Amino acid sequence: MRFVLVLAYIATVPAANWLIGHIGTVCVPDGPCLIPVFPGVMAPSGVLMIGAALLLRDLVQRAYGPSASIGCILAGAALSFLIAPPALALASAAAFLFSELVDFAVYTPLARRSFALAVLVSCTAGALADSALFLWLAFGSLAFIAGQFVGKLYAAVIYLLASRPRIAAVAP
């Protein structure tokens with residue numbers, strides 16, 4: 001079970017990059033494919049995978065420790081270059097590295113007090129960091145930041161609720 005977490009986590013960034021270019025209710029010419037995340041709010045479709053990444057990073061750290069988590073962050077960023085066009089891969093890798101390190105920095109001290117609080121606060125911080133940096137680097141605009149942020153948090157919460165029975169198996 002634990003090794004599946006590592007593979008799923010590493011795969012989230014390439015999957016997000018693929019989604020952005022291929023899946024959405026609307027695909028902007030020379031831009032991202034978009035999905036609705038709230039009435040009247042659209043976001044690049046990769047938000048679904050990055051929401052998962054934020055939660056999975058916390059679970060990987062819980063199962064394997066901080067060093068494994070950092071190794072997975074680096075592996076996921078590197079895989080971006082195999083899936084996405086170079087400009088998108090660079091924006092994605094930079095945003096992923098930064099946001100996952102923000103998530104790591106917030107989660108690590110809070111996890112000693114409360115796993116649920118650590119996940120909530122670290123996913124929120126990581127989602128905001130990833131949304132702002134990715135949109136700015138990839139598209140030169142923060143036009144979709146509300147959708148990015150909301151979509152990532154929705155995805156993280158949905159994945160958390162759906163995986164609650166399995167999370168207990170990942171206890172340190």
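**Group meeting: helix packing and four buried residues**

Let's start with Gly 51. Setting aside residues up to four places away in sequence, Gly 51 touches Lys 152, Ala 155, Ala 156 and Tyr 159. Before I go on, please keep in mind that this is a predicted model.

So where does Gly 51 sit? It is part of helix 2. With a relative accessible area of 0%, Gly 51 is buried, since the cut-off for buried is under 20%. There is also a long step along the chain to mention here: Gly 51 and Ser 131 are 80 residues apart in sequence, and their C-alpha atoms are separated by 11 Å.

Let's stay on helix 2, which covers residues 47-64, and look at its partner, helix 3, residues 66-83. As a general point, two packed helices are described by the angle between their axes and the distance between the axes. For helix 2 and helix 3, the axes come within 7 Å and cross at roughly 140°. The two helices are therefore oblique to each other, because an angle has to be over 145 degrees to count as roughly antiparallel. The crossing of helix 2 and helix 3 is right-handed.

Which residues make that contact? From helix 2 we have Arg 57, Val 60, Gln 61 and Tyr 64, and from helix 3 we have Pro 66, Ala 68, Ser 69, Cys 72 and Ile 73. Sorted by character, the residues of this contact are six nonpolar, two polar and one charged.

Two of those names deserve a closer look, and I'll take Ser 69 of helix 3 to begin. Is Ser 69 buried or exposed? Its relative accessible area is 0%, so Ser 69 is buried. The side chain of Ser 69 makes a polar contact of 2.6 Å with the side chain of Arg 57. Beyond its neighbours within four places in sequence, Ser 69 is in contact with Tyr 9, Arg 57, Val 60, Gln 61 and Phe 104. Its C-alpha atom is separated by 9.5 Å from that of Leu 101, a residue 32 places away along the chain.

Now for Gln 61, over in helix 2. Gln 61 has 8% relative accessibility, so it counts as buried too. What does its side chain meet? There is a polar contact of 3.0 Å between the side chains of Gln 61 and Thr 108. Apart from neighbours within four places in sequence, Gln 61 is in contact with Pro 66, Ser 69, Phe 104, Tyr 107 and Thr 108.

That brings us to helix 4, residues 86-111, and helix 5, residues 115-139. Their axes come within 8 Å and cross at roughly 160°. That makes helix 4 roughly antiparallel to helix 5. This crossing is right-handed, and the residues of the contact divide into 23 nonpolar, four polar and two charged.

My last residue is Ser 99, in helix 4. Ser 99 is buried, at a relative accessible area of 0%. A polar atom of its side chain lies 3.4 Å from the backbone oxygen of Phe 96. The side chain of Ser 99 is also joined to the side chain of Asp 130 by a polar contact of 3.3 Å. If we leave out neighbours within four places in sequence, Ser 99 is in contact with Gly 126, Ala 129 and Asp 130.

That's my tour, and thanks for listening!

How values were computed
Residues numbered from 1 in each chain as written. Predicted model: local features only at pLDDT ≥ 70, side-chain atom pairs only at ≥ 80, totals over all residues. Heavy atoms only, no water. Axes fitted to C-alpha atoms, helices over the stretch in contact; angles between N-to-C directions. Helix = DSSP H or I, 4+ residues; strand = E, 2+ residues; numbered from the N terminus. Parallel < 35°, antiparallel > 145°, perpendicular 65-115°, else oblique. Left-handed = near helix turned anticlockwise from the far one by under 90°. Nonpolar A, V, L, I, M, F, W, Y, C, P; charged D, E, K, R; others polar. Buried < 20%, exposed > 50% of the residue type's maximum accessible area, 1.4 Å probe, protein only. Polar contact = N/O pair within 3.5 Å; in protein donor to acceptor, adjacent residues only side chain to side chain. Contact = heavy atoms within 4.5 Å.
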